[in-house]
Amino acid sequence: MVTAQGSPSPRTGGDPGPAVSVTAAVVREKGGPFALEDLTLSTVLRPDEVLVKVVASGLCQTDIHVRDQHLPTPLPAVLGHEGAGIVERVGDAVSTVSPGDRVVLSYQACGHCTPCLTGNPAYCALSFPANFGGSRLDGTNALRAGDEEIHGHFFGQSSFATHALATERNVVRIDDEDIPLELLGPLGCGLQTGAGAVLNTLKVAAGSSVVVIGTGTVGLAAVMAAKVAGAGSVIAVDIVDERLELARELGATHTVNGKEEDTGARIAEITGTGADYVLEITARPEMLTLAVDALAPLGTATLIGGAPAGTHAPVNMNALLGGRTVRGVAQGDSVPQLFIPQLIDLYKAGRFPFDRLITFYGFDRINEAVTDTRTGAVIKPVLRIGE
């Protein structure tokens, strides 16, 4: 039961103070299942913090990578980073959201480093500890199982729980009451990443050629965005025919099944001199090599998929001498408070139909959602967590 208002005084240990009871999906061991447990979440809010009652949360491959410890977030932990919900309380300094507001939760950033101050929070100097550290940046945590500290604050939210503790920096107020809130969580990561790579990072020009390698959530968002941008050819590459068919329905002008065709040869055949832009989302080293080889002179290949720590890929160095560029992209270079409302406008206009990617699951079916994600049976699972 919530019993206290916001406090500017951080707590660094001992009694965490007043708390709300939450049901959360906890990962306790590498590769282990998500187990629903009753925890407490401290409600002694920092000045910038926002307590959110979670309505739904998308499940992303990054959650699975962390569960499997391909990325070193400490365990036990509550993951989830595509939350959407209702604001219940705010810290003393919060001015942009109020109790009762509908919000989407996005990634965390410090707000003080050079990338943040220059409008590039996706490249925050403290991005890894802020999103994967399993605590606030000062090392404290708000989640407990009795006397045991549970790592939270994953992407500044840990939204696989009935309540999440976010900050003003990573909540986006949704003023439109007509769109079901349970649809919107994936806008905070996967969807803004794919669409932002096309519209924010590459600023794809009308008539240009775009190749998207990998047609999961991020890739299909990129396909839809490339159509919005007016790309002349949008080539979707995957090994699953059903996904390639969906890519065609969402805007791809050509599809390539990499199991059945020579992908590089097909891209060259379609584009003539190579592609203007290639988005590599599979995080497989050989696909990044292919992405560079498929570029036209002055073309740009973007690496978007997150690979296990320490992964390297060979690149044809001489190809880069033709003015070709390779760059990594995080969160589609998005400033969520600006970009997510734009994506919602495109959705309402019928130009970004991301609801076609979503399959809903009850919160207690989270492990089934993980299995279906890994087998490719679904594209974007969303967990219904609260009302």
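Author: A crossing is right-handed if the near helix is turned clockwise from the far one by less than a right angle, and left-handed if anticlockwise. This model is predicted, with local features needing pLDDT of at least 70 and side-chain atom pairs 80 or more, while totals for chains, interfaces and linings use all residues. Residues are numbered from 1 along each chain as its sequence is written, and side-chain values use heavy atoms, without hydrogens and water.

Reader: In which hand does helix 5 pass helix 6?

Author: The axes (lines fitted to C-alpha atoms over the stretch in contact, with N-to-C angles from 0 to 180 degrees) of these helices (DSSP H or I runs of at least four residues, numbered from the N terminus) come within 9 Å and cross at roughly 25°. Helix 5 and helix 6 are therefore roughly parallel, a label for angles under 35 degrees. The crossing of helix 5 with helix 6 is right-handed.

Reader: Which residues of helix 6 are met by helix 5?

Author: Contact requires heavy atoms within 4.5 Å. Helix 5 contributes Leu220, Val223, Met224 and Lys227, and their partners in helix 6 are Arg243, Leu246, Ala247 and Leu250.

Reader: Which element gives the largest share of the largest nonpolar core?

Author: This core (buried Ala, Val, Leu, Ile, Met, Phe, Trp, Tyr and Cys joined through side-chain atoms within 4.5 Å; buried is under 20% relative accessible area, 1.4 Å probe, protein chains only) has 53 residues. Helix 4 (190–201), helix 6 (241–250) and helix 10 (336–348) are among the elements giving two or more. The largest share, 10 residues, comes from helix 5.

Reader: Which phenylalanines does Leu187 contact, leaving aside neighbours within four places in sequence?

Author: Leu187 is one of the members touching the most others in the 53-residue core. Its contacts beyond those neighbours include Ile340, Leu343 and Ile344. The phenylalanines among them are Phe352 and Phe354.

How values were computed:
Buried means under 20% relative accessible area, exposed over 50%, partly exposed in between (1.4 Å probe, protein chains only). Angles under 35 degrees count as roughly parallel, over 145 as roughly antiparallel, 65 to 115 as roughly perpendicular and the rest as oblique.
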